[in-house]
Amino acid sequence: RILPSEKTGDHLAIDATSTTKGDRSIDRSRLRALMQREEERFVADHPKSRALFERAKRSLLSGVPMHWMVRWAGGFPVFVAEAHGARFRDVDGHEYLDLCLGDTGAMSGHSPKAVVDAVARQAARGITLMLPTEDALWSSEELTRRFGLPFWQFCLTATDANRFSLRLARAITKRPYVLVFNGCYHGTVDETFIGLENGKASSRAGNIGPPVDPTLTTKVVEFNDLDALERALAPGDVACVLAEPALTNVGIVLPQPGFHKSLREITRRTGTFLIIDETHTICAGPGGSTRADSLDPDFLVIGKTIAGGVPAAAYGFTADAAAKIEAMIASDSSDSGGIGGTLAANALSLAAVRATLEHVLTDEAFDRMIANGKRFADGVARAIDKAGLAWHVTRLGCRAEYLFRATPPRNGGEAQAAGDPELDRFMHLYALNRRIVLTPFHMMALMSPVTTADEVDDHTRVFESAISELAAS
Ligand code: PMP
């Protein structure tokens with residue numbers, strides 16, 4: 001069988017005979033027949049994107065500007081003409097409801113007017129200076145109001161904010177290890193590319209050119225496993241735990257009641273810093289899960305969406321950590337100590353941070369976003385119920401995700417075992433062909449301040465139709 005992906009790029013070939021770990025109740029031959037139909041429809045519908053992809057293969061690695069874009073379902077990515085609010089239009093003239101929103105980078109909605117205006121104003125007044133502007137100060141004060149931590153630094157990506165926080169935690173504690181949870185994702189941070197294989201820590205499959213084996217730098221335990229956490233921290237050699245409040249990159253794995261209280265108690269007792277990465281869990285509300293669940297981290301990282309899609313990220317810390325950092329970093333080497341970036345805290349990014357926090361991702365906007373997140377999850381749950389599928393949907397604020405298992409996973413290992421790449425690609429492509437975009441590589445949807453209830457219901461109808469086709473005999 002010739003798949004469109006095989007015609008257009010051999011790296012995208014799908015192994016049509018592969019078995020999956022996921023939902024075994026699905027009739028695989030039916031799924032593959034439907035997939036073939038959807039792939040043919042996708043190719044027929046997107047001649048201009050396909051032509052650009054063919055041309056791109058001559059100057060871009062694998063025909064894309066960032067290699068992971070080869071993973072979009074359909075054989076090639078759609079090329080975007082323009083995006084506004086919760087929608088975008090591709091070069092073939094199709095308009096999509098965007099529930100991916102740049103995997104949180106555009107959770108504000110695409111090009112919100114307040115950010116566009118602020119960026120235009122600042123772009124005309126100086127873009128990058130290596131000097132502060134007042135927007136930096138406004139933004140740090142606002143982040144303190146939202147998350148509680150008193151001191152902040154700015155950089156360009158959540159990856160960098162995580163890397164810098166890990167460095168600071170190691171430097172202050174003089175301990176060699178960091179600890180992460182199985183199934184986590186914190187950006188392209190070398191120390192975090194570790195997982196559990198049959199209960200044993202090892203470098204993750206696909207880890208490209210690690211500087212050292214991550215088991216030398218990192219301990220890893222399952223989320224919600226307090227006994228394993230206690231054992232890993234007991235020797236007193238871990239500088240920090242780096243954790244999302246809920247795992248969001250392996251489906252959504254929510255913390256069990258009491259997990260965060262114990263995590264904080266154990267880290268404190270063992271002198272281990274707690275770094276909370278709110279980059280995705282900002283979906284829980286204006287102050288993320290930290291405010292919603294009264295978490296009390298030593299460091300907090302927030303990236304992606306805080307500048308409405310313009311590259312910017314921030315990391316905050318306690319007054320105690322700030323005093324230790326100031327005592328430790330000699331000012332004559334602070335530009336060459338492994339923390340920084342020439343463009344970090346540039347004037348343009350900070351104008352965008354201010355506009356986003358002041359006018360777009362406001363307390364009032366979150367009320368609407370979360371109501372739509374609930375509407376999305378309720379609609380999907382009803383459809384799953386009606387079809388009698390052993391799937392479920394989980395929600396955190398304005399983020400919702402369905403997974404191909406009957407009950408919510410308690411940890412990353414359980415969530416990974418429910419992965420079903422064939423089904424995943426089908427559900428994405430089916431939606432894409434009906435002009436709805438879900439976050440690639442998992443079944444996640446995010447609501448922006450301008451996503452409407454009608455748009456959420458459009459998704460519910462498409463989801464119902466996909467699963468009724470799958471289930472038809
Ligand atoms: N932290 C979390 C929780 C993330 O999900 C991601 C990216 N998905 C990052 C950090 C890294 O963000 P970036 O790729 O923008 O550096």
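Visitor: Which backbone oxygen does the side chain of His94 reach?

Guide: Keep in mind that this is a predicted model. His94 sits in the loop between strand 2 (87–90) and strand 3 (95–98). From there its side chain gets to a backbone oxygen at 2.7 Å, and that oxygen belongs to Asp45.

Visitor: And which side chain does the His94 side chain join in a polar contact?

Guide: Leaving out residues up to four places away in sequence, His94 touches Asp45, His46, Phe88, Arg89 and Arg435. The side-chain to side-chain polar contact spans 3.2 Å, and the partner is Arg435.

Visitor: Does His94 count as buried or exposed?

Guide: The cut-off for buried is under 20% relative accessible area. His94 comes in at 15% relative accessibility, so it counts as buried.

Visitor: Which helix gives the largest share of the largest nonpolar core?

Guide: That core has 87 residues, and those touching the most other members are Met107, Ile302, Trp391, Tyr402, Met427, Phe463 and Leu470. The largest share is 8 residues, and they come from helix 12 (residues 363–387).

Visitor: How many residues are in the second, separate core?

Guide: Among its members are Phe164, Leu247, Ile275 and Ala418. The count for this second core is 50 residues.

Visitor: What does Met427 contact, leaving aside neighbours within four places in sequence?

Guide: Met427 is one of the residues that touch the most other members of the largest core. Its contacts include the aromatic residues Trp391, Tyr402, Phe404 and Phe463. The rest of the list is Leu438, Met443, Ala466, Ile467 and Leu470.

Visitor: Which strands stand at the edges of the open sheet of 7 strands?

Guide: The pairing is mixed, and the order reads 4-12-11-10-9-5-8. From one strand to the next, the twist averages 20°. Each edge strand has a single partner, so one side of it lacks a neighbour in the sheet; the two are strand 4 (151–155) and strand 8 (218–221).

Visitor: In strand 9, what is the bridge partner of Leu179?

Guide: Strand 5 (residues 177–181) and strand 9 (residues 238–243) run parallel, joined by 3 bridges. Leu179 has its bridge partner in strand 9, and that partner is Val241.

Visitor: What is the radius of gyration of the protein?

Guide: The protein has 15 helices and 16 strands. For 473 residues the globule rule gives 23 Å, and the protein's value is close to that, so it is as compact as a globular protein of that length. The radius of gyration is 22 Å.

Note on methods
Residues numbered from 1 in each chain as written. Predicted model: local features only at pLDDT ≥ 70, side-chain atom pairs only at ≥ 80, totals over all residues. Heavy atoms only, no water. Helix = DSSP H or I, 4+ residues; strand = E, 2+ residues; numbered from the N terminus. Buried < 20%, exposed > 50% of the residue type's maximum accessible area, 1.4 Å probe, protein only. Polar contact = N/O pair within 3.5 Å; in protein donor to acceptor, adjacent residues only side chain to side chain. Contact = heavy atoms within 4.5 Å. Core = buried A, V, L, I, M, F, W, Y, C linked by side-chain atoms within 4.5 Å. Pairing = 2+ DSSP bridges. Axes fitted to C-alpha atoms, helices over the stretch in contact; angles between N-to-C directions. Rg over C-alpha atoms; globule rule 2.2 N^0.38 Å.
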